[in-house]
Amino acid sequence: MPPPSDIVKVAIEWPGANAQLIEIDQKKPLIAIIREVCDGWSLPNPEHYTLRYADGTQLYITEKTRNEIKNGTILRLATSPTRAARQLLERIQSSSLDSRLDALKELAKLSADSTFATEFINMEGIFILTMLVESGTNFGEMLAFTLTAFLELMDHGIVSWDMISTAFIKQIASYVNQTTVDASILQRSLAILESMVLNSQSLYKKVAEEITVGQLIAHLQVSNQEIQTYAIALINALFLKAPEDRRQEMSNVLAQKQLRSIILNHIIRGNRPIKTEMAHQLYVLQVLTFNLLEERIMTKMDPQDQAQRDIIFELRRIAFDAESDPNSSSSLEKRKAMYTRDYKMLGFMNHVNPAMDFTQTPPGMLALDNMLYLAKAHQDTYIRIVLENSSREDKHECPFGRSSIELTKMLCEILQVGELPNEGCNEYHPMFFTHDRAFEEFFCICIQLLNKTWKEMRATSEDFNKVMQVVREQITRSLSTKPNSLDQFKSKVRCLGYSEILRLRQSERMSQDDFQSPPIVELREKIQPEVIELIKQQRLNRLCEGTSFRKVSSRRRQDKFWYCRLSLNHKVLHYGDLDENPQGEVAFESLQEKIPVADIKAVVTGKDCPHMREKSALKQNKEVQEMAFSILHDPDEALNFIAPNKYEYCIWTDGLNALLGKEMTSELTKNDLDTLLSMEMKLRLLDLENIQIPEAPPPIPKEPSSYDFVYHYG
């Protein structure tokens, strides 16, 4: 007979005594269970004790979390959170340095527990820690543990960051501004300042006054990638929280300090592989940098503004130098006619007043900025493109003005200019860190690509949208290969001509569409269950290998991980916390928690997940919400996931649905099904190549009037 669901068999440890093997009745109050355990070891005052997990993060067990205890769990009798917090408060103020160091070390570990954190904060623990830091008497390990405990306590969101004093900010900033400081202290100081900036606008102003950008950039030139990551994270936080009118100014300061070239030489082209968190911070910096263009994108051209009109005239002057003298003695009518002709040759929609072409937002004035940059920085290319098209009389000219405006708009869409960074995205492009005017150079390459594609397609003005679709495909396909430099990108798009795009499209269409005749459709339907079973087995095998998931806080990204994998017999899900992101599989023995598959009630995704309903910050983040899924199991509990990427999200949701006998509905399954079906169909039809398959089977002939034609042997 299996034990009742309310009974959990556990082992409880106590230093210097034999472990107790007991059955916990989940209906009985926790204090009564602790009293029984204390009686077993003859310990007085059971109210001074509580239960904690012996392994992993060693969290305290409360009435709210007791249902998470599983059969076979090893627990430890420990001092209650209230008593532990009081004792640690006394010890961290001790005159004995050894006692204080041990207390701070234990505090740094216990602060990750929300139950302990609540008790410690209620006893003014945060105030004591800030006083210790402000005094400036703590150094080395002692200071590192103090800062770690402070950061962990604040991360629980129990108290507001606005209660932090200016003296504390100055002290933390001084550690960052020092040229020589212990790496662990520097790392925690950078993390604290980042959290201050992200969580409080008033603290942003104070931090911005104390931190010198030059010193932050100096931290990017060290060999420790953790410090580099936290330094970029703080730069990003200052960038993100800066008022809009100050962001451009800050960008100019960073440019003067050679931020881009330092990141390129010391991080992107450094000797060490770029870790996930660093990739995310580089992506954020890339997004924030491109978002500076948003003001120009949303600025309409004022047709009456002479300075703006002069830019258009400058484009005309560079292209048609000999005919551009505004002080020529020709009549006004002749000059107007000449200007109209030239603006038509430049490819503007409005030949009389081309300023009207830039009144649409997006791309607004950014399109004109790009055109002027091309005309001045790559004058020969600009003149060649304009004159090459203006000299054509066969209606195949590519309108430079219209193309530039639409191309600028397209590039902004591809790079998602104006959108906030996504929490789970790490997709940065190294080539944008190779030039101070990366977007403009990107435009210059793409406008040449557009002109080349236009000629290859022998397009006319009616084909404009078709050409833009092909160019978008050329750009996105080339970007997906992550070229390391703008020159590499230029080479890739050059190789990806119109004929190659057609070939790729044809190949993809063949793999997707297949044949549509009834016999082929019937064969496809017959093969499909076998392919689905193959996909199902692959998903379950991946679940058996397991995946590392990041713990995402509602306040800031955390480098905390947990691992989950399916047992080889597909009956139990094993999971547990990890100290760091693993490089390979994690053994089942290392994963302390488990959920029987038979107990799983349902799998929910997105906004239906409990952790998406609870955390407003995560709920607002569309990217995180798209990666979220939860397992609802007995009793009424949930195991919450945030997948590291879309692929893992599809693998896990498919695998869990397969375990529950439900349909696998992800995009990945659809793509895999199409690919595998297409391959299997082609293999089976290999012998029928160049043979036309009829739409319907041939008719069965009528029965003969007699069977006398049968020949009898012998």
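This is a short tour of a predicted model, with selections to make in the viewer at each stop.

**Stop 1: two crossing helices**

Select residues 365-377, which form helix α18, and residues 438-457, which form helix α21. Their axes come within 9 Å and cross at roughly 75°. Angles of 65 to 115 degrees count as roughly perpendicular, and α18 and α21 therefore stand roughly perpendicular to each other.

Now show side chains where the two helices touch. On the α18 side, pick L366, N370, M371, Y373 and L374. On the α21 side, pick F439, E440, E441, F443, C444 and I447. Coloured by class, the contact of α18 with α21 shows eight nonpolar residues, one polar residue and two charged ones.

**Stop 2: a salt bridge on α21**

Keep α21 displayed and add residues 379-390, helix α19. Select E388 and K455, whose side chains meet in a salt bridge with an N to O distance of 3.1 Å. E388 belongs to α19 and K455 to α21, so the pair ties together parts that are 67 residues apart in sequence. The count for the model comes to 33 salt bridges.

**Stop 3: the second largest pocket**

Select S251, T289, L292, D436 and R437 and centre the view on them. Of the 30 residues that line the second largest pocket, these five names are the closest to its centre: S251, T289, L292, D436 and R437. The pocket has a volume of about 760 Å³.

Which elements give two or more residues to this lining? They are α12 (244-256), α13 (259-268), α14 (276-290), α18 and α21. Both helices from the first stop, α18 and α21, are thus on the list. The most comes from α12, which gives five residues. Colour the lining by class to find 15 nonpolar, nine polar and six charged residues.

**Stop 4: the largest cavity**

For the last stop, turn to the enclosed spaces. How many cavities of 30 Å³ or more does a search of the whole structure find? It finds three. The largest cavity has a volume of about 40 Å³.

To see its surroundings, select R52, T57, Q58 and L59, then add K109, L110, A112 and D113; these residues line the largest cavity. By class, that lining has three nonpolar, two polar and three charged residues.

Conventions: Residues are numbered from 1 along each chain as its sequence is written. This is a predicted model: local features need pLDDT of at least 70, side-chain atom pairs count only at pLDDT 80 or more; totals for chains, interfaces and linings use all residues. Side-chain values use heavy atoms; hydrogens and water are left out. Axes are lines fitted to C-alpha atoms, for helices over the stretch in contact, and angles run from 0 to 180 degrees between N-to-C directions. Helices (H or I, at least four residues) and strands (E, at least two) are DSSP runs, numbered from the N terminus. Angles under 35 degrees count as roughly parallel, over 145 as roughly antiparallel, 65 to 115 as roughly perpendicular and the rest as oblique. Contact means heavy atoms within 4.5 Å. Ala, Val, Leu, Ile, Met, Phe, Trp, Tyr, Cys and Pro count as nonpolar, Asp, Glu, Lys and Arg as charged, and the others, Gly among them, as polar. On a 1 Å grid over the protein atoms alone, a cavity is a set of points where a 1.4 Å probe fits but cannot get out, and a pocket is an open set with protein on both sides within 12 Å along at least five of seven lines; lining residues have an atom within 4 Å of a point. Grid points are joined across faces, edges and corners, and a volume is the space filled by probe spheres set on the points. A salt bridge is a side-chain nitrogen of Lys or Arg within 4 Å of a carboxyl oxygen of Asp or Glu.
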